[in-house]
Amino acid sequence: MYENLETAENKENLKRVVIDPVSRVEGHGKVTLLLDEDNKVKQARLHIVEFRGFERFIQGRPYWELPVLVQRLCGICPVSHHLAAAKAIDQLVGVDPENLPPAADKLRRLLHFGQVMQSHALHFFHLSSPDLLFGFESDISKRNIIAVLNEYPDIGLQGVKLRKYGQEVIRMVSGKRIHGTGAIAGGMNKSLTKEERDYLLKDIDQMIEWSVGAVALIKKVHCSNLPYYDDFATIPTSYLGLTKNSGALEFYHGGIRAKDANGGTIMDHIDYCKYNDYIHEEVRSWTYMKFPYLTALGQEKGWYRVGPLARVNICDSIDTPLAEQARVEFKQHGSEPMVHSTLAFHWARLIETLHCAESIKQLLADPDLMSSDLVTQGEKRFEGIGVIEAPRGTLFHHYQVDENDIVTKANLIVSTTSNNMGMNESVRQVAAEYLSGQELTEPLLNNLEVAIRAYDPCLSCATHAVGKMPLQLELVDAEGNLIDKLVKHSDGQFEKTT
Amino acid sequence: MIKPILVFGYGNLSRGDDALGPLLLEHIEEQCNLEAVEILTDFQLQVEHALDLENRKLVLFVDASVSCKTAFDFCELQPLKDKSYSTHAMSPASVLQVYQAIKKQDPPPAFLLSIQGLSFELGEELSSQAEKNLFLAGQFARQLLNNTDLNYWRQQIKN
């Protein structure tokens, strides 16, 4: 571990390097490095502008608005927020998950598989494949989707079409690509028509085939570069996620499981409505983002990772055959019970993509999807908690309402928050093992971004006003004098000044 | 049947003036004949939106812009390999570039209507200035959709 690089001593004697913002992640992140006169890294931190205003945005609104309202928190994973909120407000109308009409449960699962599939496809093919196919320190002009489309046209196009297919699943289930109102308190507001089902069935075998190819591709990339891929940004950690009662991989509804770095069980089948008893959040002075930890292990040792790597690590199996076969191969590639390689996030992500494609096919064969029995209600409650596995990891929505159905309290723990410590540790590992002592160049600094990108962090603001988001990297000496400056303008052009 | 004209407005309705793109679509839906016009919206542009450009005669992207010096701006787009093609939110020009890379052919003529926005915080209402800009941009968009001739659209570009 590299905790010693979180806070340096004698900062006044150190040079400061800033990567701001980190590119190919959602939202605004910044990395700062403090270097001594020999360019040895003494401090490395990932700073993230937190999702401030979430709770204020939600409080004071009637609960039934939440599934639509929370989609606007994030332009990247609106369906994840939509479903987590829907699960929470089910409880407000007295409906527990096991009492949801089967059609509603299956439609929500279909919606969620579509969301995870499109999100994972975007991340792998669009944002990460340039690094993985061309190399972390390759010419910057190559590290983009256009270069992938030009040099690997089949892979590039498959990525675009997998993404599109996932979006079409969302559109069919919720009625719209975005702002759809698929899930409502106690159920769903529409089922699939036969035409909609047939439309999705038409291409699903192709999606499964491409997903199988994608798993084979990442396995080949990963295993062709051993031990580098198993060492880069790698940190032994605990992992947390939902699983089914059987211990199988689960995205929509299950109990909380956490395992330690050796594969030992920390907790299992925990009712997520009691998450507050098991997870606390720590605040640190240098970042807006909180650091969640397992109370059983304490602040120092209780941090954990979530997301594809966590889920594939902690589950006992996957209940679709091709993805299960891929999971077994994934686990067997290393010699330890848990796969800690940060770059293995990509591999796990594509195993999940395959699982989504297989699951979508299974669900589309289920006549319940066309049932009209979509909504149920029970006795009103004043508190609701919804937890799902979003593409980037476990997502918690927790609401309290008053007698007028107005939200009085909201608490959200988003996936990227849970990975905050993991991302910081990965940044420190790369800084210490790959950058320390070297003259910093853009290709070398891309290694830090590669480590962060593996987590697919969503630092979302969903605001994309034209003209924003420049990147500026400054090298300042011990006296505070600017030595080097690299600027990426909003039009994408780079300028270096000395 | 694919409609020949695509109007794609993007932005987040709950982020103040970022709502300008989707709100202009609402205006168009109320005020214009949509027989030949398809309206699409999303939070932001992404790689798969290149597939929405297939078989179109004209494409109009609509977005909020902090760089806009007047109430609105109108320009023609060319495929451009800017850095946005490697983010979660692409520029319309880079979507055209993706179209070109996928289809191995030129994209349909595409234009960007930028509407000046000032404030983009979560939970904010549309600013009063943005409301005025939206009204003016809406009038302009109506003119465009009443005359979907490529040369006419090009003539509307201010130098």
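Q: What pattern of helices and strands does chain B follow when read along the sequence?
A: In this predicted model, chain B holds 4 helices and 5 strands. Read from the start of the sequence, these elements alternate in part and then close on helices, giving the pattern β-α-β-β-β-α-β-α-α.

Q: What radius of gyration does chain B have, and which value would a compact globule have?
A: The C-alpha trace of chain B spans about 45 × 35 × 35 Å along its principal axes, and 51% of its 159 residues count as buried. For a chain of 159 residues, a compact globule would have a radius of gyration near 15 Å, and chain B agrees with this expectation because its own value is 15 Å.

Q: Among contacts in chain B between residues at least 6 apart in sequence, how many per cent join residues at least 24 apart?
A: Two residues count as in contact here if their C-beta atoms, placed from the backbone, lie within 7 Å. Among such contacts in chain B between residues at least 6 apart in sequence, the share that joins residues at least 24 apart is 73%.

Q: Are H3(A) and H4(A) roughly parallel or roughly antiparallel to each other?
A: Helix H3 (residues 78–92) and helix H4 (residues 102–134) of chain A pack with their axes 9 Å apart, at an angle of about 155°. Since angles over 145 degrees count as roughly antiparallel, H3(A) and H4(A) are therefore roughly antiparallel.

Q: Which residues in H4(A) are met by A:Val79, A:Ser80 and A:Leu83 in H3(A)?
A: The crossing of the helices H3(A) and H4(A) is left-handed. By class, their contact has 3 nonpolar, 3 polar and 1 charged residues. On the H4(A) side, the residues met are A:Arg108, A:Leu111, A:His112 and A:Gln115.

Note on methods:
Residues numbered from 1 in each chain as written. Chains lettered and ligands numbered in written order. Predicted model: local features only at pLDDT ≥ 70, side-chain atom pairs only at ≥ 80, totals over all residues. Helix = DSSP H or I, 4+ residues; strand = E, 2+ residues; numbered from the N terminus. Rg over C-alpha atoms; globule rule 2.2 N^0.38 Å. Buried ≥ 20, exposed ≤ 12 C-beta atoms within 10 Å, placed from the backbone. Axes fitted to C-alpha atoms, helices over the stretch in contact; angles between N-to-C directions. Parallel < 35°, antiparallel > 145°, perpendicular 65-115°, else oblique. Left-handed = near helix turned anticlockwise from the far one by under 90°. Nonpolar A, V, L, I, M, F, W, Y, C, P; charged D, E, K, R; others polar.
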